[in-house]
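Student: Could you take one part of this protein and go through it closely? I would like to see how that part connects to the rest of the chain.

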Amino acid sequence: METKANKKSSGKFTRAVFQALKYAVLIFCCLLVIVPLVVVLIGAFKTHDEYISTGVFDLPSVPQFENFKIAFINGRVMQGLVNTIIILAVSCFGTIITGTMTAFVLQRFRTIFTRGVKAVFLFASLLPNISMQVTVFQIVSKLGLYDSLAAPCVLYIGTDIISIYIFMQFLDNISLSLDESAFLDGAGYPRIYWSIILPLLRPAIATVLVIKFVSIYNDFYTPNLYMPSRELGVVSTALYRFIGPYSAQWEIIFAGIIICIIPTLIIFLCLQKSIYSNLVTGSVKE
């Protein structure tokens, strides 16, 4: 009886330890996300001298709403948002069309050519992007796309191999009998793609759109390298103008960060149920 009681108490102690560790890890992860946001929010309302002389968690003596005005006007945040929306719309639409078409061909036509293309895609996805930037930059310059909104759009559309694999995963769950039935009714491959495959890929399309939106909205490297003009700034590069060679206006940058967070926060709050469900659907193969 004592042995069973000892085992039972030992099991309870072990479960309690694991439970405590679980909550400790969750709290730590939450702090990693919340603390930087709190620092940014507090710093956005400070003056430049106050930001330098006080701690990051010290509240401002007088909230400086002028920082948001300077960031919005001098940083051209509105123009950056407009350019970002244009790039997002073109890139997402192009990715959906090219990605679904490519996945349809690679998944439905099992030939030596398609297997070779899959192998090339897999090899390309393993290469670090930075190792190919010299070649990519030369190609973009030769095409006359440098310093234009078309440059990041082409790069975002043409290098999205992950989206193709997501579409191929969903296509594995679409029965070939649908294609065969359409063939018997006289439909060709373009008709099958537009009328059958594309509508059935809506969960995958939603998943890709979420991933694409986050990656493009947060990307700094591509717009900064291929669109150096001030008029072509996007959200991620607009605030970079407040960083000089010797100092940075962090209070203005923090105010601009708050402004840029607001649109994504509104979108997330409105579509959070759809976002979570689509991401889970895209990660599970039935």
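**Tyr217 and its surroundings**

Tutor: Start with Tyr217, which is in contact with Leu81, Thr84, Leu88, Val235, Ser236, Cys260, Pro263 and Thr264, leaving aside its neighbours within four places in sequence. Keep in mind that this is a predicted model.

Tyr217 belongs to the largest nonpolar core, which has 27 residues. Tyr217 is one of the members that touch the most other members, along with Ala44, Phe68, Val77, Ile87 and Cys260. Cys260 is also on the list of contacts of Tyr217. In general, nonpolar side chains in soluble globular proteins tend to be buried together. The elements that give two or more residues to this core are helix H3 (66-73), H4, H7, H11 and helix H14 (250-283). H14 supplies the largest share, 7 residues. There is also a second, separate core of 24 residues, and its members include Ile166, Ile196, Leu201 and Ala204.

Tyr217 has another role in the layout: it helps to line the largest cavity. The structure holds 1 cavity of 30 Å³ or more, and the volume of the largest cavity is about 60 Å³. Besides Tyr217, the lining includes Thr84, Val235 and Ser236, and these three are contacts of Tyr217 as well. Ile87, named above as a core member, is another lining residue of the cavity. At least two lining residues come from each of H4, H7, H11 and helix H13 (235-238). By type, the lining of the cavity divides into 8 nonpolar residues, 2 polar and 1 charged. Asp219 is among the residues of that lining.

Next comes the largest pocket, with about 880 Å³ of space. Two or more of its lining residues come from each of H4, helix H5 (112-126), helix H6 (133-142), helix H7 (150-158), helix H8 (161-171), helix H11 (202-218) and helix H12 (221-226). H4, H7 and H11 are thus elements to follow from the cavity to the pocket. The pocket is lined by 32 residues, and Asn129, Leu155, Thr159, Asp160 and Ile161 lie nearest its centre. The lining of the pocket consists of 17 nonpolar, 12 polar and 3 charged residues.

H4 spans residues 77-108, and Gln107 is found in it. Gln107 counts as buried because its relative accessibility is 9%, and the limit for buried is under 20%. The side chain of Gln107 makes two kinds of link worth tracing. One polar contact goes to the side chain of Arg108, at 2.5 Å. Another goes to the side chain of Asp172, at 2.8 Å. Beyond four places in sequence, Gln107 is in contact with Met168, Leu171 and Asp172.

Finally, set these parts against the whole protein chain, which has 14 helices and 0 strands. Buried residues make up 34% of its 286 residues. Of the contacts between residues at least 6 apart in sequence, 72% join residues at least 24 apart. The contact of Tyr217 with Leu81 is one to look at with that in mind.

Terms used:
Residues are numbered from 1 along each chain as its sequence is written. This is a predicted model: local features need pLDDT of at least 70, side-chain atom pairs count only at pLDDT 80 or more; totals for chains, interfaces and linings use all residues. Side-chain values use heavy atoms; hydrogens and water are left out. Helices (H or I, at least four residues) and strands (E, at least two) are DSSP runs, numbered from the N terminus. Buried means under 20% relative accessible area, exposed over 50%, partly exposed in between (1.4 Å probe, protein chains only). A polar contact is a pair of N or O atoms within 3.5 Å; within protein, one must be able to donate a hydrogen and the other to accept it, and residues adjacent in sequence count only if both atoms are side-chain atoms. Contact means heavy atoms within 4.5 Å. On a 1 Å grid over the protein atoms alone, a cavity is a set of points where a 1.4 Å probe fits but cannot get out, and a pocket is an open set with protein on both sides within 12 Å along at least five of seven lines; lining residues have an atom within 4 Å of a point. Grid points are joined across faces, edges and corners, and a volume is the space filled by probe spheres set on the points. Ala, Val, Leu, Ile, Met, Phe, Trp, Tyr, Cys and Pro count as nonpolar, Asp, Glu, Lys and Arg as charged, and the others, Gly among them, as polar. A nonpolar core is a set of buried Ala, Val, Leu, Ile, Met, Phe, Trp, Tyr and Cys residues joined through side-chain atoms within 4.5 Å.
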